[in-house]
Amino acid sequence: MIRILMEETMAGAHALGHDQITTLYRHHHAWLCGWLHARLRSRQDADEIAQDTFVRIIEKRDALYVDEAKALLTTIAKGLLIDHFRRAALARAYVAALEAMPPAQAPSPEARALVLETLVAVDRLLRRLPAKVRQVFLMAQLDGLAYADIADQMGISVRTVQHYMTTAWRLCYDAA
């Protein structure tokens, strides 16, 4: 099976079919889980991210060179690892904010889960913005700075700040 897949791919990459994905999974799942486990120290998280990595491959079904499979899987898994660590950091920050609240005002576990899910979605959305646009948006929305103050701090024009804010809000509205 591998030999066939390799022969097919030597001439060029082909869209992945069921057999190729099965072969890819059989030959790379174990090492990918081990690689992830070494970084996460959690078998469950490693298994979930490995699964998500293969789901991304399946969803794309793009051409794939067998020789590059390990590099592609590692690249996808690294991106998912970054997402995982970012979600964990958000969760820690949210829990720390909750602990600072009086117990009577603390939200229910269901409300906490919804807020955390929303924070992760907002974070994911903001990461799609270019760095300067994201920074301007956060300075305006989180820090409450006026456009002129943002322009002064970033060394850009107010018109550029307005343009960045329009870009950010457009993305937010499109995602809603």
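How many disulfides does the structure hold? The count comes to zero. The model looked at here is a predicted one, and its cysteines are still worth a quick look. C33 is tucked away as a buried residue, with a relative accessible area of 5%. C172 is buried too, at 18% relative accessibility, because the cut-off for buried is under 20%.

Now for the overall layout. The protein has eight helices and two strands. Starting at the N terminus, the order of elements reads α-β-α-α-β-α-α-α-α-α. Of the 176 residues in the protein, 30% are buried. The accessible surface adds up to about 11400 Å², and carbon and sulfur atoms account for 56% of that. As for who touches whom, take the contacts between residues at least 6 apart in sequence: 59% of these join residues at least 24 apart.

Helix α2 is a good place to zoom in. This helix covers residues 18–40 and has a kink of about 45 degrees, with H28 at the centre. H28 is also among the buried residues of α2. Others on that list include Q20, I21, T23 and L24 on one side of H28 in the sequence, and H29, L32, W35, L36 and L40 on the other. C33, mentioned above with its relative accessible area of 5%, is buried and belongs to α2 as well. Just past the end of α2 comes R41, which takes a positive phi of about 60 degrees.

Next up are the charged side chains. The structure holds three salt bridges. One of them pairs R127 with D83, at 2.9 Å from N to O. R127 sits in the loop between α5 (109–126) and α6 (131–141), while D83 sits in helix α4 (residues 69–99), so this pair ties together parts that are 44 residues apart in sequence. The two partners are not equally covered: R127 is partly exposed, with a relative accessible area of 28%, whereas D83 counts as buried at 14% relative accessibility. The reason for the two labels is simple, because buried means under 20% and partly exposed runs from there up to 50%.

A further salt bridge joins the side chains of D123 and R86, at 3.8 Å from N to O. This pair also links distant parts of the chain, with D123 in helix α5 and R86 in helix α4, 37 residues apart. R86 is partly exposed, at 29% relative accessibility. R127 turns up again in a salt bridge with D123, this time at 3.2 Å from N to O. Put together, D83, R86, D123 and R127 are linked in a network of salt bridges.

Finally, the surface has a nonpolar side to show. Y147, V158, W169 and Y173 make up a nonpolar surface patch of about 390 Å². Which helix gives the most to the nonpolar patch? That would be helix α8 (residues 158–175), with three residues. W169 is found in this helix. At 31% relative accessibility, W169 counts as partly exposed, and W169 gets into the patch because members need over 30% relative accessible area. So the tryptophan clears that cut-off with its 31%.

Definitions and conventions. Residues numbered from 1 in each chain as written. Predicted model: local features only at pLDDT ≥ 70, side-chain atom pairs only at ≥ 80, totals over all residues. Heavy atoms only, no water. Patch = residues over 30% accessible without salt bridge, like charges linked within 9 Å, V, L, I, M, F, W, Y side chains within 5 Å. Areas by Shrake-Rupley, 256 points an atom, 1.4 Å probe, with all protein chains shown as cover. Salt bridge = Lys/Arg side-chain N within 4 Å of Asp/Glu carboxyl O. Helix = DSSP H or I, 4+ residues; strand = E, 2+ residues; numbered from the N terminus. Buried < 20%, exposed > 50% of the residue type's maximum accessible area, 1.4 Å probe, protein only. Bend = angle between axes of the 7 residues up to and from the residue. Disulfide = S-S within 2.5 Å. Contact = heavy atoms within 4.5 Å.
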